[in-house]
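Colleague: I'd like to learn how to read a chain-chain interface and its cysteines. Could you walk me through this one?

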Amino acid sequence: MNINNMKANRYLFFIIFGSSLLFYSCGKDWLDVRPKGTVDQYTLANKEGIEAILVGAYSMLDGVTEVSYIDWGGASSNWLYSEIRGLIANKGTDAGDSWEGQSIIHYSETATNPMLNTKWRSVYEAVSRCNCVIMVTKQALAEGTISQDQADLFIKQARTLRGWYHFEAWRMWEMIPYVDENTDQKMLSNTEDIREKIIADMQQGTSLPHNMGAIGRFNGTVSKVLLAKALMQMNHDYTGALTLLADVKANGRKPDGSPIGLAPTYGEIFDIVNRNGIESLYTVQYSVNDGSGGWNGGYGEVLNFPYKSGGSPAGCCGFFQPTQEFVNSFRTSGGLPLLDFSYNDNPVKSDQGLKPSDPFTEDTGPLDPRLDWSVGRRGIPYWDWGVHTGSDWIRDQTYAGPYSPKKQVYKKSQEGIYTETGSWTSGYTANGYRMIRYADVLLLLAECQIETGDLFSALANINMVRARAANPDGFVKEADGVTNAANYVILEYPSFPDADFARKALQMERKLELGMEGHKWFDLNRWGNTLEELTRVLDYEKTMPWGDNMYGSWTVIGPEDVTYPIPQAQIDISNGRLVQNR
Amino acid sequence: MQILANLKYILLLVLTIIVPSGILSAQEISINGADSVKLPQQLTNKNFLSEEVTTGYTVQRMRDITGSVSFVEPAMLTAVPAGNVSNLLQGRASGVTVTGSGRPGETSKVRIRGFSSFLNNDPLYVVDGVPTQDISSINPYDVASVSVLKDAGAASIYGYRASNGVIVLTTRHGEKGINVTYDMSMGIQQPGKGTKPDLLDTKEYANLQWLVYKNDQTVETHPTYGYSGNPTPSIPTWAGNTDWYDAITDASGIQNHNLSISGGGENAKFYAGFGAFRQNGIIIYTDNTRYNGRLNSQFRFFNGRLRAGENINVSSRSYLSVPNLNEGSPILTGPYRSQSIIPVIITQPISGMTHDFVPGEWGGTGIAYRLGNADNAVADLTRRKDDRSRDTYMTGSIYMDIMIMDGLNFRSTMGGTSDKGFTTNNTYATYERSENIGTTSLEKSRFRNSDWVWTNTVTLDKQFGQHKIFAVAGFEAVSYGLGQIISKQDSIKCTPTRLASSFISANYAFKDKYLLGAAIRRDGCSKFSVSQRYGIFPSFSAGWRLSNESFLQGLKWISDLKIRGSWGKMGNQFALSPQNAVYLFGESIGASYYDLYGTFNSSVRGYYPSRIGNPDAKWETNTATDIGFEAALFDSKVSIVFDWYSKKADDLLYNPPLPGTAGIGEAPYVNVASMKNSGIDIELSYQNKWRNLGFSTAVILTTYNNQITSIADGIRYFDSGNSRIGTLVRNETRHSLSSFYGYQVMGLFQNDAEVTDAPYQYGAEPGFFRFDNLYDDDEIDPGDITFIGNPNPKFTYGLNLAMTWKNLDLTAFIYASKGNDIFNSTKWWTDFWSSYQGQKSKNLLYSSWTESNKDATVPKASNQSNFSTNTQVCSYYIEDGSYLRLKNLEVGYTFPKNMTYKIKIRSLRMYLQAVNLFTLTKYSGLDPEIGGNDLAFGIDYGNYPNAKQFIFGLSLIL
């Protein structure tokens, strides 16, 4: 054997083997691995697929989502951004809990406050889902997988939702970018006036039918109210809103086609079982024990329960405690509220500084009965949880005062049925946010009537709301079920002497009727008296025993506090295309 | 010629590319160690220039290598008992930074030469030829060799994941004859004094409340302590005085048993190893138990022209762990958040806030108002004491090696791993807390995961006169991530990743003086779209053995001297999602379902845009340069290895946050960022022997300097490290990864005049923080936030000392980290009254600012929570985290052979050992060795400390 030849051959083999390896590409198909367990837009371009994306867009109405962890900072009930900001309630809980919320009540929030970024991401995630519905609907229409009528239904709902979500952003920041299905994310801008675009979107839904076949959809009625709100808030267009609201009052229907009206008594509105009752034009549909682990059960409001498990609901976390000033507003004189704020001269008595075992004499002065549905306070029965026993329901009285929230709280008998089980808290409930209720519509209508000079109709509408509140069947009762829990005195207005009086009455009525329901700060901004009204309330709250701890002596409200700063993170990401609004 | 004499076994080593060298050499050349147990002096790098090391697909002699390779003596891996090989690498190889807590079963964080990626910086482990991400199932006693491939010259042959460095492990193989060894150790771990010296007892806490009342001028009736106007608080009869650190910890045991049997004849050999390891954690009920069985066998056919064999390891693990470095950890909820007044167990009836307590029940924050909201950590740990996780992990390979001719071999290896396991998670209804859980639930989840690799190589090893060629070529197919996770919410089928690679590397030596190396590898990966699929990773290296040059021949004190350099590229794709390239919709009940029909308890399926695809993502590449030298001096008594390196990582995958207006769909990874690292590695050793006294020492020094050079167009930074006061870390260009970012504290405001004169600052008042007005304007605002600390150490080092005197031996191992900052986030809980009503520090009571203690650094005790107290990230929390720790001190005695032979024992050694005996540090927390993820580390959220261990052990050979 010729060793050298052998060797040479084998080296050749080595070289050929080696170089062939380097350039082989047998793995071409083998390296194509398709993702498992997901869907893309092509599989969804049909009726069922679009329907599912639309459901995804509706599901953002609660403002929260598990993926990407958009939590209470995004809550659509706006308990933080509107009620706390509007001093109907303070942040509550104790000093160290949630500095982000703290800075909002200190009117010291900066653009880097992560809550604001959460809210921003919440509304724009919702917008992006609407845009997906529109995009895929167009694609399906082009492919002929759905009919034009079907496409119209999808697009009208999606555009109304998109308009609403933009409006939600507008009332937070005013200077916001408008994003539709054609927007190039790299070309965003927030310097353009986008109000017309929002209105154009929201007008789409006004031609939707009454009966959408599901209580959770937007119909024509819902769309009209939303549009009216936007017209009033953004443009002070009371004439336009008046037409829409009058039509709703006359002909409105709920999204399942059923009639609308005032519930017979005030308190029942907030009972979970009545969340889709006659009063409710649109309630955000929370669900519990559906596998979401609480994310569909009012995740955004989970903090807002009294702080005591066992004898009181949920047990956590003691946020959202009503202010003394709000409580005082319910003082009546001759059955009517004190429109000159003199109620603060005769404040409602509280158990501040007392232990539950210390004796306490309740306030005996005349009060609007809606107080005890809006606020939990010592000595008053609290749903079916028994009597509110005072400081043991409160996380830290020295920090946040003696009151508890009540409207969103579930009944004891509902625990486990309308609340999430197997979670750290029962504070995930099916008590959906009453986004639009009939009394709100009446008061918005009254506001339009006042601004257009029809004081007579305005009086009638406001008195409708008061008359319902005055139904003694709806007063909070003591344990015997007969005796009123406090000295409730409420009457209708005999007349409105002038527009100024009517305005004051209207503004007070919204505070009393809709307090703790997410409207206050937006209302003030619409009325243009945010700075003076909040300064007045803040000055009073600071004198409370907890005032210094809660607000600090240095908290002041400035003219810039009619908006929130645009999240710095979004300005940074936009590479400077978005600009700060202040 | 030495080379020729050694050629025979070098060839044999080459034949078995994946079979480790150390063991083969043991059988073929019969290393004398077979007859006696390993002595501690062998723990040092002895004569490393003549050792063989397993490198990329081959075994080479250290002296021929032109890349930068550190290797760790296997004995070092058994020097201290630990559940996991990764923990044992600390301070043992230069260029390797290892951090780990004392939590049983935790895999330490191993980083080679800094950071090369935002996604994943774990090195690639190759165990007996099988690439893996997890070496926690490997029994340290089965390991025969560990090589750390640090630069491109050594590692780029592993192309696709080499940029984080490669650690090559081989396991032991059979020897001729029968050998039985047994090693055992058992000992006790001590929790130490914990937090007691720093935190308040019951009476002190009440006094602190009185101080807060005084400072805030608050008047009220405290629910527990009575009227604030009283001269002193009254303490209720139910009050406990709990040291929560003591309550959740206990002295605990650790034991380790290893039995190995190896043997064989000319054509068949085997190694069988059995290990049992159990470590109870110092936190009650925590433990980690591992049983291992390994069988490695080899067979020769046709006079050795065909060799075949297998390595298989089965390990069964069972552990009960606890969260660490987060809010769920018992270290945080116990000592740092629970007031001393809360009794662990109720001793007298109490009508509590949430519950009427009777003796024998758990105490908790529900006893009375203002006890905060921390869980009773002892109750939690006790309730979940059956929450075990178990898994069965199998890994192994089979191989066949054909000698085509002398010096030319073909080898095929098929390997894989399979891991199956489940976890149990009980949630119990509670009654004792202020925030209770209403219902009891049980959640189990299962997973399975497997991967496989098939490697074919041809190796050429030839010498022609003064030319020596050593080359390997091959191809490899890998598939990993074949698995499924089944939990309460989901059953997720994982999208696997496939890789197809080919490579060739060649080394050439002329006269044993001039060394050249080159390698190139081409990898294709299924994660990338077709156009970006392949990455090509070349490297070049060269060495010059100066000691063989005539001009140095005269210098007798130089035994060996080689300088070398390398340049090359390495790749990374590991952490990229296999779905990165595609645009997808997803569904999630909590994110996209809606109760459209108003049912209260069900929701309709909905979709949301879940991922925005990027078909353009491509390989991360890392360009590395290394220059170094190796020297053996004075008869090889002194050896030095020095390396300077620079790594530049480009096209780093990063997912720039999408604008909120794009929705929450997962942002795609794009190749935008870059980072650089540079540093030096030094390994110095000295050994000598004088009559009965043997001495050796080694210093292993590691430095790295990491800098982010770019992130994305228009993006200068991203934040990470969440806390109750926002993100603590900013990763920004021209700064190191995980730099701490917040306000700089100048001091405390001393009086009202100072507050008035200072730039406007929310909440400013005497006794509160005064922040530095860096952006010189009239207000303290986000523009004044700056970098306040860096958790990356300036350097770390290991110092090993070993001495023998007659049959006695002594070893000591010191590990130290210098120049790293720690963000002590536990101070947020304990140094501010208004950071929840939990436990507070002695500093807050005794050293905080008051009118009569104006020199204080701790702010005034107050119930105010605002910008000037505890709502901002600031430099108050930063501490120097440098430390020096005596990791091991061991004294052993080897019985004289004439004694042990009588009882049929060939060798017997017994030892006593103290692990973590002391730590020198200025850091105030429990343990300065703090891990965390790469984008936010060095943050102390309450750290499971490394415990002191006192161990007795013995090793014997039958």
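Modeller: Sure. Let's start with salt bridges: we call it one when a side-chain nitrogen of Lys or Arg lies within 4 Å of a carboxyl oxygen of Asp or Glu. Keep in mind that this is a predicted model. Between chain B and chain A the count is four salt bridges.

Colleague: Which residue of chain B does A:D32 meet in a salt bridge?

Modeller: That's B:R533, with an N to O distance of 2.9 Å. Polar contacts between chain B and chain A come to 27 residue pairs, both partners at pLDDT 80 or more. On chain B's side, strand β22 (residues 467-486) gives the most, nine residues. By class, that side has 55 nonpolar, 46 polar and 15 charged residues.

Colleague: And how do I read the size of an interface?

Modeller: People often quote the accessible area lost when the parts come together. Here chains A and B bury about 9100 Å² between them, with 61% of that on carbon and sulfur atoms. In terms of contacts, 116 residues of chain B touch 112 residues of chain A.

Colleague: Now the cysteines. How many disulfides are there over all chains?

Modeller: The rule is two cysteine sulfur atoms within 2.5 Å, and the count is one. A:C316 and A:C317 form it, with their sulfurs 2.0 Å apart. The torsion about their S-S bond is about 100°, so the disulfide is right-handed. Both A:C316 and A:C317 are buried.

Colleague: Why does A:C130 count as buried?

Modeller: Buried means under 20% relative accessible area, and A:C130 counts as buried because its relative accessibility is 0%. A:C130 is in no disulfide, as the nearest cysteine sulfur, on A:C132, is 9.2 Å away. B:C525 is buried as well, with a relative accessible area of 0%.

Note on methods: Residues are numbered from 1 along each chain as its sequence is written. Chains are lettered from A and ligands numbered from 1 in the order in which they are written. This is a predicted model: local features need pLDDT of at least 70, side-chain atom pairs count only at pLDDT 80 or more; totals for chains, interfaces and linings use all residues. Side-chain values use heavy atoms; hydrogens and water are left out. Contact means heavy atoms within 4.5 Å. Buried area is the accessible area (1.4 Å probe) that two parts lose on being put together, summed over both. A polar contact is a pair of N or O atoms within 3.5 Å; within protein, one must be able to donate a hydrogen and the other to accept it, and residues adjacent in sequence count only if both atoms are side-chain atoms. Helices (H or I, at least four residues) and strands (E, at least two) are DSSP runs, numbered from the N terminus. Ala, Val, Leu, Ile, Met, Phe, Trp, Tyr, Cys and Pro count as nonpolar, Asp, Glu, Lys and Arg as charged, and the others, Gly among them, as polar. Buried means under 20% relative accessible area, exposed over 50%, partly exposed in between (1.4 Å probe, protein chains only).
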